[in-house]
Amino acid sequence: MNRTIVVADDDKKIVDLVTLYLKRDGYSVLPAYDGREALDLTRRKQPDLVVLDLMMPELDGVDVCRLLRAESRVPIIMLTARSTDEDKLRGL
């Protein structure tokens, strides 16, 4: 069974790198480059997982996560360069 993952980050190089590794391991990848696109793709395609950057244009990752959590139980992995305890708690 082919699993689908949304990879959302405004940095194309990061999306490309994560996509490369996921496709190598047999996953289908749906790239998104801002929060609104990630939210739309997730709602329309119902992926098995969302890899979500915190700092994105249009709608940040925390807001996307909050909206998705209100309507879906899709697993979300937060991808971020932020490392403070406050940021970690906010993501949880």
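Student: How many salt bridges does a search of the whole structure find?

Tutor: Seven, and keep in mind that this is a predicted model. For reading them, the general idea is a cut-off: a side-chain nitrogen of Lys or Arg within 4 Å of a carboxyl oxygen of Asp or Glu. Take Arg-3 and Asp-48, whose closest N and O atoms are 3.3 Å apart.

Student: What does the pair of Arg-3 and Asp-48 tie together?

Tutor: Arg-3 sits in the segment before E1 and Asp-48 in the loop between H2 and E3, so the pair links parts that are 45 residues apart in sequence. As for cover, Arg-3 is partly exposed at 39% relative accessibility, and Asp-48 is partly exposed too, at 32%.

Student: Which salt bridge does Arg-44 form, and where do its two residues lie?

Tutor: Its partner is Asp-40, with the closest N and O atoms 2.9 Å apart. Both residues lie in helix H2, four residues apart, about one turn of the helix. Asp-40 has a relative accessible area of 38%, so it counts as partly exposed. Helix H3 has a pair as well: Arg-66 bridges to Asp-63, again with 2.9 Å between the closest N and O atoms. Those two are separated by about one helical turn because they are three residues apart in H3. Arg-66 is exposed at 51%, while Asp-63 is partly exposed at 28%.

Student: Let me zoom out. In what order do the elements of the chain run?

Tutor: From the N terminus on, the pattern is β-α-β-α-β-α-β-α, with four helices and four strands in the chain. To see how strands sit together, look at bridges: E1 and E2 run parallel and are joined by five of them. Val-7, for instance, has Pro-31 as its bridge partner in E2.

Student: Is E1 mostly covered or mostly open?

Tutor: Mostly covered, as four of its five residues are buried. Buried here means under 20% relative accessible area, and 37% of the chain's 92 residues make that cut.

Student: Which residues touch the most other members of the largest nonpolar core?

Tutor: That core has 16 residues, and the best-connected ones are Val-6, Ala-8, Ala-32, Val-50, Leu-52, Val-64 and Ile-76. Strands E1, E2 and E3 and helices H2 and H3 each give two or more residues to this core. A second, separate core has seven residues, including Ile-5, Val-7, Leu-22 and Val-51.

Student: What does Val-50 touch, beyond residues up to four places away in sequence?

Tutor: Val-6, Thr-42, Val-74, Pro-75, Ile-76 and Ile-77. For the chain as a whole, take the contacts between residues at least 6 apart in sequence: 61% of them join residues at least 24 apart.

Student: And Asp-53, buried or exposed?

Tutor: At 7% relative accessibility, Asp-53 counts as buried. This residue lies in strand E3. Leaving out residues up to four places away in sequence, Asp-53 touches Ala-8, Asp-9, Asp-10, Gly-61, Leu-79 and Thr-80.

Student: Now the outside. Which residues form a nonpolar patch on the surface?

Tutor: Leu-17, Leu-20 and Tyr-21, with about 320 Å² of accessible area together. Leu-20 belongs to helix H1, residues 12–24, and counts as exposed because its relative accessibility is 55%. The chain exposes about 6,000 Å², and carbon and sulfur atoms supply 52% of that area.

Definitions and conventions. Residues are numbered from 1 along each chain as its sequence is written. This is a predicted model: local features need pLDDT of at least 70, side-chain atom pairs count only at pLDDT 80 or more; totals for chains, interfaces and linings use all residues. Side-chain values use heavy atoms; hydrogens and water are left out. Patches are made of residues with over 30% relative accessible area and no salt bridge: like charges are joined within 9 Å, nonpolar side chains (Val, Leu, Ile, Met, Phe, Trp, Tyr) within 5 Å. Accessible areas come from the Shrake-Rupley method with a 1.4 Å probe; for residues, only the protein chains shown count as cover. Buried means under 20% relative accessible area, exposed over 50%, partly exposed in between (1.4 Å probe, protein chains only). Contact means heavy atoms within 4.5 Å. A nonpolar core is a set of buried Ala, Val, Leu, Ile, Met, Phe, Trp, Tyr and Cys residues joined through side-chain atoms within 4.5 Å. Two strands pair if DSSP finds at least two bridges between them.
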